[in-house]
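Biologist: I should like to request a close look at a single part of this protein. Please treat it in one connected account that a first-year student could follow.

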Amino acid sequence: MDGTVVIKGFKAGIILVLNPDASYETLKKDIADKFRASAAFFGEAAKAVSFKGRDLTDEQKMEIVDIIQANCSLSILCIMEDDPETEAAFQKTIERKLEQDYSNTGQFYKGNLRSGQVLDVETSIIIIGDIKPGAKVISKGNVIILGSLKGNVYAGAAGNTNAFVVALDMRPVQIRIADTIARAPDNPEKTPGNQTKIAFLDNGNIYIEPLDKDVMSDIRL
């Protein structure tokens, strides 16, 4: 499977670089395997897809789109051709679609994220597991971690300053909300036991506080 299919990301979606020497049947199998193995990382985002490296008929392109959607939770909105003007138009369409869905959708992820792994989603997300050092979560909405946060989180990635991060054990390397970044202190305070905390943005600063009713009442959802 190595080298027959390469998945690349760009702002509006994904690019499939296909080996021109592999048989079409081999490509279909390898595409299914690739997206099945990466399903958790793609999440339920809406994307466009573009093909490079090999000429495909319209029927083959549609068949590959069906294979992608059958092996992960991606929603393929359109097929992008190698045309800058068309690409720009499709990108605007996707961005409008995401803006419509943004405040009404969310998703779950179950499992631990380990060093080097990145979970990038278009919606708010609840993670049932731990974010290990070296792992990263990127969300255009809120991030709620039912476990420990010891890696990096970027919430409100579309510029949402009302986004927040909650973790049962809050010990991040870095938290970013919209355009504001907070890093862990060099000598973090040692607190006995785990305590659920929330990170939120207020007046240009990120605050991390114990999660209680008073704090929740001040959060802008």
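Is Glu 25 buried or exposed? Please describe its surroundings as well, and then place them within the whole protein.

Modeller: This is a predicted model, and the description below should be read with that in mind. Glu 25 is exposed, with a relative accessible area of 52%. The cut-off matters here, because a residue is called exposed when its relative accessible area is over 50%.

The side chain of Glu 25 takes part in a salt bridge with that of Lys 28, with a distance of 3.3 Å from N to O. Both residues belong to helix α1, which covers residues 24-37, and they lie 3 residues apart, so about one helical turn separates them. The two partners differ in their surroundings: Lys 28 has a relative accessibility of 15% and therefore counts as buried, whereas Glu 25 is exposed. The pair also has a further connection, as Glu 25, Lys 28 and Glu 63 are linked in a network of salt bridges.

A second salt bridge in helix α1 can be described in a similar way. Asp 33 is joined to Arg 36, and their closest N and O atoms are 2.9 Å apart. Here too the residues are 3 apart in helix α1, which means that about one helical turn lies between them. Asp 33 counts as partly exposed at 22% relative accessibility, and Arg 36 is also partly exposed, with a relative accessible area of 46%.

The structure holds 8 salt bridges. One of them is formed by Arg 176 and Asp 179, whose closest N and O atoms are 3.6 Å apart. Of this pair, Arg 176 is partly exposed at 25% relative accessibility, while Asp 179 is exposed at 66%.

We may now turn from the helix to the strands. In strand β2, residues 13-18, 5 of the 6 residues are buried, so the rest of the structure largely encloses this strand. Strand β2 runs parallel to strand β3, residues 46-52, and 5 bridges join the two. Within this pairing, Leu 16 has Phe 51 of β3 as its bridge partner. As a general point, side chains in a regular strand alternate between the two faces of the sheet.

Another group of 5 strands forms an open sheet with mixed pairing, in the order β6-β8-β10-β12-β13. At its edges stand β6 (118-121) and β13 (180-183); each has a single partner strand, so one side of each is left without a neighbour in the sheet. On average, neighbouring strands of this sheet are turned by 5 degrees against each other, direction ignored. Inside the order, β8 (residues 136-139) and β10 (residues 152-155) pair in the parallel sense over 3 bridges. Lys 136 has Asn 152 in β10 as its bridge partner.

Finally, the protein as a whole gives these details their setting. The protein contains 5 helices and 15 strands. Of its 221 residues, 40% are buried. Among contacts between residues at least 6 apart in sequence, 38% join residues at least 24 apart. The protein exposes about 12,200 Å², and carbon and sulfur atoms supply 48% of that area. To return to the starting point, Glu 25 is an exposed residue whose salt bridge partner, Lys 28, counts as buried.

Notes
Residues numbered from 1 in each chain as written. Predicted model: local features only at pLDDT ≥ 70, side-chain atom pairs only at ≥ 80, totals over all residues. Heavy atoms only, no water. Helix = DSSP H or I, 4+ residues; strand = E, 2+ residues; numbered from the N terminus. Buried < 20%, exposed > 50% of the residue type's maximum accessible area, 1.4 Å probe, protein only. Contact = heavy atoms within 4.5 Å. Areas by Shrake-Rupley, 256 points an atom, 1.4 Å probe, with all protein chains shown as cover. Pairing = 2+ DSSP bridges. Axes fitted to C-alpha atoms, helices over the stretch in contact; angles between N-to-C directions. Salt bridge = Lys/Arg side-chain N within 4 Å of Asp/Glu carboxyl O.
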